[in-house]
Amino acid sequence: MSEQGNAVLNADPRTRAVQRRVVISLSLAQLFSGLGHGAGLAIGSLLAVDLTGSEALAGTSTMAISLAAALAALPLAGAAARSGRRRALVIGLLLALLGSALMALAPVTGSFAVLLAGSALLGVGNAANLQARFAAVDLAEPQHRGRDLAFVVWSITVGAVAGPNLIRPGAELGAALGLPESSGPFLFSMAGMAIGATLLLVGLRPDPLRYARSRRTSTGTEAATGTDGTLPVQRRGTLRTAMAAVRQQPMAMLGLAAVVGAHLVMVAVMSMTPVHLQALDHAGGHQHSQTDTFAIIGFTISLHMAGMYALSPLMGWLTDRVGRVRTIVIGQLMLLAAAALAGVGQQDTWLVGAGLMLLGLGWSASVIAGSTLLAESVPESGRVPAQGLSDTLMGAAGALGAAFSGPVLAALGFAGLNAAAAVVAVILLGAAARRRRVRAGAAS
């Protein structure tokens, strides 16, 4: 949509009031749904090992979450384009609520299939959370788009950090109700998803996307489909069009590679950390109960989540002030340092925790700078399909990282897994450095 069209759209005080309500509702929903996702990330890998008896299958739960998020990204976007943001996002969280219930049921039934089904539905909720950031800009004023989007992304921090730390109380609640300790945390997940869906159902009225379209129609500023920050209805060939738009722009390719590569590295290391910490606790001869071990794991994952989300506004500022490519380089250096710290310090819980937090910071810098570079490097007509492609490939990369991290952990140990992740970061660092040199040469 043109800047003139945006000015007309946001001149109405009621539109600004609706936008404030939308941002607040999205942010609160992100907070509570973040609580719901914490247990799935922290305990899913442990349940996979418990139910199969194979450490090589530890990453299958995270793989299912990531793969489902990738597959759900475009259908949820299409649903939003057809029926509005509210319906698409609420459907995503309700399916995640069902997934949390199935994951709570998996230890009761001893079924690995139930665990994978629950993980996949939880992944649909992840896709909905990702797309909530697009809803934040449907009615945003041009000068406030970044601020509104960043606030919605940042708001997940509280839920993402607090969620893993609810694992121990959840385990105690499960035991009090006669459930396995590993089922209890998912009761909190179910509550978080239910509250998040309710907030969206009530708060996104009027629906921001539908309201924006009606306002542009009434003012005569209706734009072509897909140029207003929303995703159009997905048609055959959209994915191919997005790939063509990205391939034509080297900087867009770098942005996409930074986003996808950082997510691959992050998921591969993060998904195996609970398994490593549990093995480390047992190998050390500690007499910790399963509940106490869950508390250690929950605290470590919460540090990681804090790194991913808490400083996202700072990463956005860094992207604008230092530059997109330089921030990508900084992010890859952080990923390398994280792999070195967690790998070399694998016998120390605190060093692993510090490495996981640095891993989150590297992910944040790479994804925010890479996403910004991607969005501004492709033509406006291909921008929204390219953003959808980015979300899809992020999920696919997460699934790939989770799938291979289990066998790598079993074969090479936690240090070997971090070394493999470091190789990916080195490749991306080289690509960013080479692109900087090409850009500097062209400027001179």
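## A first look at an all-helix chain

Helix H5 is a good place to start: 17 of its 24 residues are buried, so most of this helix is covered. Please keep in mind that the model is predicted. The N-terminal end of H5 is capped by Ser 111, which places a side-chain oxygen 3.4 Å from the backbone nitrogen of Ala 113. The length of H5 also fits expectation, because 24 residues at 1.5 Å a residue should span 34 Å and the end C-alpha atoms are 35 Å apart.

Now let us step back to the whole chain. There are 16 helices and zero strands. Of the 444 residues, 54% are buried. The accessible surface comes to about 17200 Å², and carbon and sulfur atoms account for 65% of that area. Among contacts between residues at least 6 apart in sequence, 84% join residues at least 24 apart.

H15 can be set beside H5 in a small table.

| Helix | Residues in helix | End-to-end C-alpha distance | Expected span |
|---|---|---|---|
| H5 | 24 residues | 35 Å | 34 Å |
| H15 | 29 residues | 42 Å | 42 Å |

At the start of H15, which covers residues 349-377, a side-chain oxygen of Asp 348 comes to within 2.8 Å of the backbone nitrogen of Trp 350.

H15 also takes part in an aromatic pair. How many such pairs does a search of the whole structure find? There is one. Tyr 309 and Trp 363 meet edge-to-face, with 5.8 Å from centre to centre and 70 degrees between the planes. The two partners are 54 residues apart and link distant parts of the chain, with Tyr 309 in helix H12 (residues 290-309) and Trp 363 in helix H15. Both Tyr 309 and Trp 363 are buried.

Next comes the nonpolar interior. The largest nonpolar core has 38 residues, and Leu 26, Leu 89 and Leu 200 have the most contacts inside it. Helices H2, H3, H4, H5, H8 and H9 each supply at least two residues of this core. Apart from this core lies another, of 34 residues, including Ile 156, Met 266, Met 305 and Leu 356.

What does Leu 200 touch, leaving aside its neighbours within four places in sequence? Its contacts are Ser 25, Leu 26, Ala 29, Arg 86, Leu 89, Val 90 and Leu 93.

One last detail sits in the loop between H8 and H9, where Pro 206 is found. The peptide bond from Arg 205 to Pro 206 is cis, with omega near 0 degrees.

Terms used: Residues numbered from 1 in each chain as written. Predicted model: local features only at pLDDT ≥ 70, side-chain atom pairs only at ≥ 80, totals over all residues. Heavy atoms only, no water. Core = buried A, V, L, I, M, F, W, Y, C linked by side-chain atoms within 4.5 Å. Buried < 20%, exposed > 50% of the residue type's maximum accessible area, 1.4 Å probe, protein only. Helix = DSSP H or I, 4+ residues; strand = E, 2+ residues; numbered from the N terminus. Contact = heavy atoms within 4.5 Å. Expected span 1.5 Å × (residues − 1). Polar contact = N/O pair within 3.5 Å; in protein donor to acceptor, adjacent residues only side chain to side chain. Phe/Tyr/Trp six-rings, centres within 6.5 Å; stacked < 30°, edge-to-face > 60°. Areas by Shrake-Rupley, 256 points an atom, 1.4 Å probe, with all protein chains shown as cover.
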